[in-house]
Amino acid sequence: MKLSDFDFHLPEDLIATRPATPRSSARLLVANGDVTSDAHVFDLPDWLQPGDRLVLNDTRVIPARLSGRRHRDSAQGPVSAAIEATLLEPQADGTWTALIKPLKKVKPGEDIRFSDELSATLDRVEDGQAHLRFNLTGEDFDTALEQAGAMPLPPYIAAKRPADEQDKTDYQTIWARNSGAVAAPTASLHFDSALMQALQARGVAITHVTLHVGAGTFLPVKVEDVTTHKMHAEWGRVSEAAAQEIRDTKAAGGRVIPVGTTALRLIESAARGGDIQAWEGETDIFIYPGFQFNVTDALMTNFHLPKSTLLMLVSALMGQDRMRDIYAHAIEQKYRFFSYGDASLLVPK
């Protein structure tokens, strides 16, 4: 399996920089076995069956992108310069790992001020990542970060426009509750209250799990032999109640349908022994063609980048040839791609 097997040409104008409004008005490509249909997300209940179970990732995206100024005293006097930081994840020692620009110019112990309330010092640098120690913790930190930070939009959107206040709503699911992600579970962004009510009326069940999506989700694959790619790790949790709900659905003959690749990777991590069990920890599961799915029956997901691990994941579910046909159809019909783009419902044979 070569990286080039997962490449395709995507016209630049199909990359979405804002979501559809309302959320559920986005388009939905339904790939049911060999049949491809065009619909909208608000049609989703029509494509599901009573007794199906959607698995939703309830992680909450933090406004992890910070702009500030670094300060230090030098032989020439006080020095101040602009700095950009993207928070990655909290560490056991109380620091946050972060990507900083320009990292080489920042010295350990240097004061970095992001707002009147929020500041940090550089504790150390390891593996190209800064460890920042903030002046606030707990709810005080969360409140200050909410005020000072911007949503960490994916690189392909950030290259076209800066994040703004609207993104704090748009780049968050309506059920987000467990803070810790620096990227959204984007297939879930299509859901609004009207759609949730329609799903409930249809008899579709809901289970929540948590996977804190990390910035590693945007890392490119750099090896030609994709089987040698090392996946990034992300923290997740499947509660005993969630595992039991999924087991009960399988036992009753219903379908388990994760919404988004993050929810899929998490439940498959919790089901490596065959049946899904309660699970918590770091997962670096890499799903590519040949993978044995133990719990996933179908998947709702957005359209992914060429040569990405997520395109490999959907190819594992549907087959590489089928995914090439699906993406060719999506491009021909001008579906909108990536995080703020349209959705697909993938149901393998």
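# Pairings, packing and pockets

Reader: Let's start with E7 and strand E10 (residues 129–134): how many bridges do they pair over?

Author: E7 spans residues 96–101, and two strands count as paired if DSSP finds at least two bridges between them. Helices (H or I, at least four residues) and strands (E, at least two) are DSSP runs here, numbered from the N terminus. E7 and E10 clear that cut-off in the antiparallel sense, and the number of bridges is three.

Reader: Before we go on, what kind of model is this?

Author: Residues are numbered from 1 along each chain as its sequence is written, and side-chain values use heavy atoms, with hydrogens and water left out. Local features need pLDDT of at least 70, side-chain atom pairs count only at pLDDT 80 or more, and totals for chains, interfaces and linings use all residues, as the model is predicted.

Reader: Back to E10, then. Which residue in it is the bridge partner of alanine 98?

Author: Alanine 98 falls within E7, residues 96–101. Look across to E10, residues 129–134, and the bridge partner there is alanine 130.

Reader: E7 also pairs with E6. Which glycine in that hairpin takes a positive phi?

Author: E6 (residues 77–90) and E7 run antiparallel over six bridges, with proline 90 standing opposite tryptophan 96. Five residues sit between the strands, and the one with a positive phi, near 95 degrees, is glycine 94.

Reader: Proline 90 and tryptophan 96 turn up by the largest pocket too. Which element gives the most to its lining?

Author: A pocket, on a 1 Å grid over the protein atoms alone, is an open set of points with protein on both sides within 12 Å along at least five of seven lines, while a cavity is a set where a 1.4 Å probe fits but cannot get out; lining residues have an atom within 4 Å of a point. The largest pocket holds about 850 Å³ (grid points joined across faces, edges and corners, the volume being the space filled by probe spheres set on them), and of its 35 lining residues Leu88, Glu89, Pro90, Trp96 and Thr97 lie nearest its centre. Elements giving two or more residues to that lining include E6, E7, E10 and helix H2 (138–148). The biggest giver, with five residues, is H2.

Reader: And the cavity? Which helix provides the largest share of the lining of the largest one?

Author: There is one cavity of 30 Å³ or more, and the largest has a volume of about 40 Å³. Its lining is Met231, Arg265, Ile285, Phe286, Ile287, Thr309, Leu310 and Leu313. Three of these residues come from one helix, which is H8.

Reader: How many of H8's 10 residues are buried?

Author: Buried means under 20% relative accessible area, exposed over 50%, and partly exposed in between (1.4 Å probe, protein chains only). H8, residues 309–318, is mostly covered; its buried residues pack against strands E1 (27–32), E16 (299–302) and E17 (343–347) and helices H7 (261–269) and H9 (320–332). Glycine 319, with a positive phi near 100 degrees, follows the helix. The buried count in H8 is 10.

Reader: Histidine 229 touches Thr309. Is histidine 229 buried or exposed?

Author: Histidine 229 is in the loop between strand E12 (205–211) and E13. Leaving out residues up to four places away in sequence, its contacts (heavy atoms within 4.5 Å) include Phe286 and Thr309. Its relative accessibility is 16%, so histidine 229 counts as buried.

Reader: Lysine 334 is in a loop as well. What is its relative accessible area?

Author: That loop runs between H9 and E17. Beyond its neighbours within four places in sequence, lysine 334 is in contact with Leu14 and Arg27, and its C-alpha atom is 9.1 Å from that of aspartate 13, 321 residues away along the chain. Lysine 334 is exposed, because its relative accessible area is 57%.

Reader: Arginine 27 sits over a ring. Which tyrosine is it?

Author: A charge sits over a ring if NZ of Lys or CZ of Arg is within 6 Å of the ring centre and within 35 degrees of the ring normal. Arginine 27 lies 3.9 Å from the ring centre, over the face of tyrosine 335.
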